[in-house]
Amino acid sequence: VKLVESGGGLVLPRGSLRLSCTASGTIFSISTMAWYRQAPGKQRELVASITPGGQTHYVDSVKGRFTISRENVNHSIYLQMNSLKPEDTAVYSCYADHRTAWGEHFDYWGQGTQVTVSS
């Protein structure tokens, strides 16, 4: 399974960006998908997650500004980021929990996409 992200870039404070992530390869079933981020000198943190049924979870710092969505048929997730702040600057990575036909779980990560919020 391979995850490919797109949509990062440089944006002004209070601007918006939309990240996309699509899983490809031999896929049996994908459970939770999520966006993580890691800023320089900081630990990686969970930004938002979404289940196949659409249940979402957000870190407090992005609630009301970010929206995660999912297209199960395409094995894709999206992160709409509004009202961006300089502290949102980080490498954003996509995550997927893949389940095989035998019930095994495997974690997969994308290569990451840089988001920089700066004037």
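1. Contacts along the chain come up well here: in this predicted model, residues 24 or more positions apart account for 53% of the protein's contacts with a separation of 6 or more. One such region of the chain can be followed through Met81 and Thr67, which lie 14 residues apart in sequence, while their C-alpha atoms are separated by 6.6 Å.

2. On the overall make-up, the secondary structure comes to 11 strands and zero helices. The radius of gyration is 14 Å, close to the 14 Å that the globule rule gives for 119 residues, so the protein is as compact as a globular protein of that length. The C-alpha trace spans about 50 × 25 × 25 Å along its principal axes. For the surface, you can work with about 6500 Å² exposed, 49% of it supplied by carbon and sulfur atoms. Of the 119 residues, 41% count as buried.

3. Next, the open sheet. Four strands are arranged in the order β1-β3-β8-β7, and their pairing is antiparallel. Which strands stand at the edges? They are β1 (2-6) and β7 (66-71); each has a single partner strand, so one side of each is left without a neighbour in the sheet. On average, neighbouring strands of this sheet are turned by 15 degrees against each other, direction ignored. As a reminder, strands of a sheet pair through backbone hydrogen bonds, either parallel or antiparallel.

4. Within that sheet, β7 is joined to β8 (residues 76-81) by six bridges, and the two run antiparallel. One pair to look up in the viewer is Phe66 with its bridge partner in β8, Met81.

5. Met81 deserves a stop of its own. This residue sits in strand β8 and is buried, with a relative accessible area of 0%. Beyond residues up to four places away in sequence, Met81 touches Gly15, Ser16, Leu17, Leu19, Arg65, Phe66, Tyr92 and Val115. Phe66 therefore appears both in this contact list and as the bridge partner of Met81.6. The largest nonpolar core has 28 residues, and those with the most contacts inside it are Trp35, Val47, Phe66, Leu79, Met81 and Tyr92. At least two residues of this core come from each of β3 (17-24), β4 (29-38), β5 (45-50), β7, β8, β9 (90-99) and β11 (113-117). In soluble globular proteins, nonpolar side chains tend to be buried together.

7. What does Val47 touch? Leaving aside residues up to four places away in sequence, the contacts of Val47 are Trp35, Tyr36, Arg37, His57, Tyr58, Val59, Val62, Phe66, Leu79 and Tyr92. Among them, Trp35, Phe66, Leu79 and Tyr92 are also listed with the most contacts inside the core.

8. β4 is a good strand to inspect after that. Seven of its 10 residues are buried, which leaves β4 mostly covered. Eight bridges tie β4 to β9 in an antiparallel run, and five bridges pair β4 with β5, also in the antiparallel sense. Ala34 takes part on both sides: its bridge partner in β9 is Tyr95, and its bridge partner in β5 is Ser49. β4 and β5 form a hairpin with six residues between them, and Gly41 in the turn has a positive phi of about 75 degrees.

9. Ser93 gives a second view of β9, the strand in which it is placed. Is Ser93 buried or exposed? Its relative accessible area is 14%, and Ser93 counts as buried because the cut-off is under 20%. Not counting residues up to four places away in sequence, Ser93 touches Glu5, Ala34, Trp35, Tyr36, Trp109, Gly110 and Gly112.

10. Finally, two backbone angles that you may like to check. Most residues other than glycine have a negative phi, and most peptide bonds are trans. Arg14, in the loop between β2 (9-11) and β3, has a positive phi near 75 degrees. Arg14 is exposed, with a relative accessible area of 70%. Ser83, in the loop between β8 and β9, has a positive phi near 50 degrees. Ser83 is partly exposed, at a relative accessible area of 39%.

Technical notes
Residues numbered from 1 in each chain as written. Predicted model: local features only at pLDDT ≥ 70, side-chain atom pairs only at ≥ 80, totals over all residues. Heavy atoms only, no water. Pairing = 2+ DSSP bridges. Axes fitted to C-alpha atoms, helices over the stretch in contact; angles between N-to-C directions. Core = buried A, V, L, I, M, F, W, Y, C linked by side-chain atoms within 4.5 Å. Buried < 20%, exposed > 50% of the residue type's maximum accessible area, 1.4 Å probe, protein only. Contact = heavy atoms within 4.5 Å. Rg over C-alpha atoms; globule rule 2.2 N^0.38 Å. Areas by Shrake-Rupley, 256 points an atom, 1.4 Å probe, with all protein chains shown as cover.
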